[in-house]
Amino acid sequence: MSVKTAEFIKGVVGNDRILEESKPQVAFIGRSNVGKSSVINSLAGRKNLVKSSSTPGKTREINFFLINKKIYLVDLPGYGFAKASFEQREKIRRLILWYLTSAEIKNRKFILIIDAKVGPTKLDSEMIDILNEYDREFIIVANKADKLKKSERNKKLKEILEKAGSKEIIFYSAKSGEGKGELFSKVF
Ligand SMILES: Nc1nc2c(ncn2[C@@H]2O[C@H](COP(=O)(O)OP(=O)(O)OP(=O)(O)O)[C@@H](O)[C@H]2O)c(=O)[nH]1
Ligand SMILES: [Mg+2]
């Protein structure tokens, strides 16, 4: 498959008919600033389909992007943005949990993005627990792998596997394009 069309459809903060559509949804979830928007752009082969920014915490809605008129890539707001107020963080946390636990969406999988260098944080581990609890299908993507020395890889991989359980991990770099083919084939 190749990406022929990629378009922003809408941002939602609660119930919406888009959730009940039968098209598959692939949702990107992860800490603020981990590179969710950049990963979506790199997969779609578009520089600015999703706004990525050096100011974290910009995305506050659940944004839907339609690829080739048949599959949604879903950009969730990032959790754990330290500079946001408690209320703002709670609001985002509730929104993520609402989407994650929502039963209407039938055909859906999750791409959990973590920072390859930092490894899974406490909040990432919590998210993994919730995904497992609700029996959601997910893949872990370790983004910003370009920041990792080759010699650090195995150690990091072991650390991530330990904390995440025996899940599949893809080392990825939205910057260099590493891992793109592998993730692409899982998403589409
Ligand atoms: N070195 C490196 N930097 C990256 C990579 N992916 C993203 N970044 C940078 O990380 C910053 C955050 O990227 P975003 O894609 O906006 O992150 P996000 O997860 O969507 O952030 P929020 O929407 O705020 O939650 C930007 O400055 C990107 O340029 C990567 O693979 N390697
Ligand atoms: Mg973003």
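## A facing pair in β3 and β4

Let's start with one pair of residues: Phe65 sits opposite Leu73 in β4. This is a predicted model, so treat everything below as a description of that prediction.

The two strands involved are β3, covering residues 62–67, and β4, covering residues 71–75. They run antiparallel to each other and are joined over five bridges.

## The sheet around them

Zoom out, and β3 and β4 turn out to belong to an open sheet of seven strands. Going across, the order is β1-β3-β4-β2-β5-β6-β7, with mixed pairing. At the edges you'll find β1 (6–12) and β7 (169–171), each of which pairs on one side only. From one strand to the next, the twist averages 25°.

## A helix across the strands

Now for helix α5, made of residues 180–187. Helix α5 lies across β2 (25–30), β4, β5 (108–115), β6 (138–143) and β7. Relative to β5, helix α5 runs at about 155°.

## The second largest pocket

There's also some open space to look at. The second largest pocket has a volume of about 280 Å³. It is lined by 18 residues, and those closest to its centre are Tyr79, Gly80, Arg89, Arg93 and Leu123.

Which elements give two or more residues to this lining? They are α2 (86–101) and α3 (122–133). Of the elements, α2 gives the most, with seven residues. As for the chemistry of the lining, nine residues are nonpolar, four are polar and five are charged.

How values were computed
Residues are numbered from 1 along each chain as its sequence is written. Chains are lettered from A and ligands numbered from 1 in the order in which they are written. This is a predicted model: local features need pLDDT of at least 70, side-chain atom pairs count only at pLDDT 80 or more; totals for chains, interfaces and linings use all residues. Side-chain values use heavy atoms; hydrogens and water are left out. On a 1 Å grid over the protein atoms alone, a cavity is a set of points where a 1.4 Å probe fits but cannot get out, and a pocket is an open set with protein on both sides within 12 Å along at least five of seven lines; lining residues have an atom within 4 Å of a point. Grid points are joined across faces, edges and corners, and a volume is the space filled by probe spheres set on the points. Helices (H or I, at least four residues) and strands (E, at least two) are DSSP runs, numbered from the N terminus. Ala, Val, Leu, Ile, Met, Phe, Trp, Tyr, Cys and Pro count as nonpolar, Asp, Glu, Lys and Arg as charged, and the others, Gly among them, as polar. Two strands pair if DSSP finds at least two bridges between them. Axes are lines fitted to C-alpha atoms, for helices over the stretch in contact, and angles run from 0 to 180 degrees between N-to-C directions. Contact means heavy atoms within 4.5 Å.
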